[in-house]
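Student: I'd like a close look at one part of this protein, the nonpolar core, and how it sits in the rest of the fold. Can you walk me through that?

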Amino acid sequence: MRYVEEFRDPTAAKALLAEIEKVTKQIGATKEKPVHIMEICGGHTHAIFRYGLDRLTPEGIEFIHGPGCPVCVLPMSRVDECVQIAEKPNVIFTTFGDAMRVPGTKKSLLQAKADGADIRMVYSPLDALELARRNPDKEVVFFGLGFETTTPSTALSIQQAARDGLTNFSVFCNHITVPEPIKALLDDPYMMLDGFVGPGHVSMVIGVHPYDFIARDYGKPIVVAGFEPLDLLQSVLMVLTQIRDGRAEVENQYARIVPEHGNPISIAAINDVYERRPSFEWRGLGEIDASGLKIRDSYKAFDAEEKFGIGYAAGPRVVQEPDGCECGAVMTGRMKPTACPQFGKGCTPEMPLGALMVSSEGACAAYWQYGGRRAAEPAE
Ligand code: SF4
């Protein structure tokens, strides 16, 4: 497969691994005193385990799995609010499939659907828009979820709904941003991070400059990376080389896809439709300033929170997590998924307790899928 196989070439991978080993030694990183590299994006977490890069790289490198899986960081309160909207009479609630099984306080969207709510899986917000056109007597709500990667498509659907004069379409907006949680993690005195592998898809939209503060203000290197094994190995090598040389810069390993200044059309759509919320709640991380997007007043008619008087529009909410869930500790790198007492016992992909086990991009699901389940099995 052209443009894929060359990024999985074993000879090139061996050469990169040899170089990584050399630089790791030069830094003096060991199993006991490792260098901590956070891959922010859940897609990178998945790729690291899928290709066994955690085992191929030296023991002196410890990957910390960051908060870059939008389903995983969705707090229970927002799932509850989805269910609240979906269970209203006359509502068709539409969502991407991976959000269906995220546990709420009482039920997930899948359970609400089994209980009779009209909840439908869609592949794009435009599918939801089409449903609204075909069902003028129903209120069609789209569950807008995700980082800057999916934010523009929701914005474009709202703009289209406004142009079409649709009055029965709205968005329950849970779009969030990447730079703010990174800042929150860097401000945490207990975090020990030496560098970052930056998200590829998000950066396609926002470019590389929103990460400048990481290098400038915190003195940490960040390398925006692609998703193939050679992309990731090269990015890890670039981070290590910066550490060895005493540099802290924003570098772009994924320049074949990520433009330095992002995608101007997407950025214009985002700026037209959304404004920053003062703060937004993240599962495991709590409230983070300016990390969530709200639909602007000029598009208020398409804001499901306003339409149904739910969520932040209804006032302050209580943050809740399921008992025994260690998602927050895993997401901040304080705990490996296999160390969570629920891993493989009270929490499996079939019966998830925490969101990190639901999404294919979640760290716990990645550990489970790529061999971690052995750690949960009792010894023979
Ligand atoms: S195993 Fe389940 S409960 Fe434990 S951290 Fe992972 S997702 Fe959360």
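Tutor: Sure, and let's start with the whole thing. Keep in mind that this is a predicted model. With 380 residues, a compact globule would have a radius of gyration near 21 Å, and the protein has 21 Å, so the two agree. Measured out along the principal axes, the C-alpha trace spans about 65 × 55 × 45 Å. The fold is built from 15 helices and 13 strands, and 49% of the 380 residues count as buried. Contacts tend to bridge long stretches of chain: among those between residues at least 6 apart in sequence, 76% join residues at least 24 apart.

Now the core itself. In soluble globular proteins, nonpolar side chains tend to be buried together. Here the largest nonpolar core has 112 residues, and Ala86, Phe93 and Val236 touch the most other members. Helix 11 (residues 229–245) supplies the largest share of this core, 8 residues. The core also draws on both domains, with at least three residues from each of domain 1 (5–70 + 179–252) and domain 2 (76–177 + 261–314).

Zoom in on Phe93 for a moment. Leaving out residues up to four places away in sequence, Phe93 touches Cys82, Ile85, Ala86, Ala117, Asp118, Ile119, Val141 and Phe143. Ala86, then, is both a contact of Phe93 and one of the core's three best-connected members.

Just before Phe93 in the chain there's a backbone detail to look at. Asn90 lies in the loop between helix 4 (76–86) and strand 3 (91–95). Its phi is near 75°, a positive value in a residue other than glycine. Most residues other than glycine have a negative phi. Asn90 counts as exposed because it has 10 C-beta neighbours inside 10 Å, and the cut-off for exposed is 12 or fewer. Ala290 also has a positive phi, near 55°, and is found in the loop between strand 12 (286–289) and strand 13 (293–295). With 14 C-beta neighbours inside 10 Å, Ala290 counts as partly exposed.

For a buried residue, try Asn174 in strand 6 (residues 169–175). Asn174 has 25 other C-beta atoms within 10 Å, so it is buried. Aside from neighbours within four places in sequence, Asn174 is in contact with Leu74, Arg78, Gly144 and Leu145. The C-alpha atoms of Asn174 and Pro70 are separated by 9.1 Å, although the two are 104 residues apart along the chain.

Back to the two domains, since the core draws on both. Their C-alpha centres lie 32 Å apart. Where they touch, domain 1 gives 13 residues and domain 2 gives 18. On the domain 1 side, helix 8 (179–187) and helix 9 (200–206) are the elements that give two or more residues, and helix 9 has the largest share, 5 residues. That side is made up of 9 nonpolar, 3 polar and 1 charged residues.

One last stop is the ligand. There are 14 residues around it, and Cys340, Cys347, Gly354, Leu356 and Cys364 come nearest. By class, that shell divides into 11 nonpolar, 2 polar and 1 charged.

Definitions and conventions. Residues numbered from 1 in each chain as written. Predicted model: local features only at pLDDT ≥ 70, side-chain atom pairs only at ≥ 80, totals over all residues. Core = buried A, V, L, I, M, F, W, Y, C linked by C-beta atoms within 7 Å. Buried ≥ 20, exposed ≤ 12 C-beta atoms within 10 Å, placed from the backbone. Helix = DSSP H or I, 4+ residues; strand = E, 2+ residues; numbered from the N terminus. Domains from an automatic or database assignment. Contact = placed C-beta atoms within 7 Å. Rg over C-alpha atoms; globule rule 2.2 N^0.38 Å. Near = placed C-beta within 6 Å. Nonpolar A, V, L, I, M, F, W, Y, C, P; charged D, E, K, R; others polar.
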